Structures are given as C-alpha cells and as structure tokens.
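Here are my notes on the model you sent for review. They keep to fold layout, burial and core packing.

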Amino acid sequence: MSFVSMERYNYKSGSSGELFPLLVELDPKAMLIVNLFSGPNPHSVSSLRWFDDLTSLEKYEDEFFDSDNKVQLFRKIGGLCNNTSAQLSELIVPPEGITRAEAKYLEFTMIKAKRGYRDELLNTILDFRKNSLSERKPGVSIGRSFDQDLVMVRIPKTKLGENEENYETMMKIRGPFVKAIKELTVSANTIISRILYNPFSNQ
C-alpha cells in the first residue's frame, strides 16, 4: 500500500517567479507541476510526493516540523499564495508503460461516484485497465483525506498529443468505459498539468 501527497498552492498573480524556486528548496524530492488547463484558477501549482507507507509519511512530517528552516520557508511560501491545501491519496495501482522520469505532462481525471458506489466504480475502472490492450496503463488512486466518493485516474504523458495519435483505439476503449460507469457516477473532471520540476529525471 503506497500513498501520494499533493500540496496545492494557489499563488498570487506575479509571484510565480519567486515561489517556484522556494518550493523546490522546500522539498527537492517532490515533483512540481503547474496546471495548464484547469478551469477557473490558472494560478495554481502543486507538489507531489510518493510514500511507500504511512510510517514513511509520518517520518517525513516529523522531520519537517522539527526543522525551523523548513517551517520558516513554508511560512514565506504561504505569504506568496492566496491559499494552500493538502490532499492524501492511496495509490491502488501505479501507471505502467512509462516511468516518472520520462513524463513531461500529467493528466488527472477525478471521477465522482454516487454515494455508496465508490468501490463498484473503482472495480469497474480496474477491470477496464486490466483488459486494456494498451502498453500504457493509468495509475488509479482513491482519496484518504478528502472527498471519499472520488476515484482518481492519473496518466503520465511524454507529449500532449499522445492519445490523439491513437485516437481510434482510444475511442474503442472510451465508449464502453463511459457506458459502464455512467450509472455509477455523478461527474468527472480532468486537469492537464505540465511537470515543472522532476526529481526523478536526475536518478
């Protein structure tokens, strides 16, 4: 069982040049992504960090709060933002067919299940993922610290037009998938982000 922590920073207009280097300084092992197409808030950047278990997450948090330098830096970052938020998700299956180091973009789709149907939705998504003939399979996760009706599908990409190059194959998968989940869901929302800083590319 592994986990992904996502810190979202909705920054003040004009502060990105100062903010982005500070976020890398705060956590050099976190991936930094900026939302390209995300609806009403264009001034948003997020950091992603992967943990093998909750014990390693707790150790990371302990080290952070024990460091005066980290706490002061976080306060400085907060002053450049309108607001910040943190989310913890449980990674059910990781993406396949592409490494974190290769990714240039991340596409997040958050699918909201009807109350009481999240597990059924999750199993349906996992079945379609398992039976997909594509070499690249998305990562699938569920919320642990936010909306408990959400299932998140994360697709790393090397370029924006990746899906469109295999449009016919994609539509053969998409049609039956949408039909299968329509009675289980309330809504779906997709965010496309570009990776601004990737600590895995140096490994």
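The points below go from the whole chain to its cores.

1. Status and layout. This is a predicted model. The protein chain has five helices and eight strands. Read from the N terminus, the order of elements is β-α-β-β-α-α-β-β-α-β-β-α-β.

2. Burial and surface. Of the 203 residues in the protein chain, 40% are buried. The exposed area of the chain comes to about 11700 Å², and carbon and sulfur atoms supply 51% of that area.

3. Contact range. Taking contacts in the protein chain with a separation of 6 or more, 82% are between residues 24 or more positions apart.

4. Largest core. In soluble globular proteins, nonpolar side chains tend to be buried together. Here the largest nonpolar core has 15 residues. Tyr-9, Leu-19, Leu-23, Val-45 and Ile-77 are the members with the most contacts inside this core. Two or more residues each come from strand 1 (2-11), helix 1 (16-26) and helix 3 (68-79). Helix 1 gives the most, with five residues.

5. Contacts of Ile-77. Which residues does Ile-77 touch, leaving out those up to four places away in sequence? They are Tyr-9, Leu-19, Leu-22, Leu-23 and Leu-26. Among these, Tyr-9, Leu-19 and Leu-23 are also listed, like Ile-77, with the most contacts inside the largest core.

6. Second core. Apart from the largest core lies another, of 13 residues. Its members include Val-4, Met-6, Leu-48 and Trp-50.

Methods:
Residues numbered from 1 in each chain as written. Predicted model: local features only at pLDDT ≥ 70, side-chain atom pairs only at ≥ 80, totals over all residues. Heavy atoms only, no water. Core = buried A, V, L, I, M, F, W, Y, C linked by side-chain atoms within 4.5 Å. Buried < 20%, exposed > 50% of the residue type's maximum accessible area, 1.4 Å probe, protein only. Helix = DSSP H or I, 4+ residues; strand = E, 2+ residues; numbered from the N terminus. Contact = heavy atoms within 4.5 Å. Areas by Shrake-Rupley, 256 points an atom, 1.4 Å probe, with all protein chains shown as cover.
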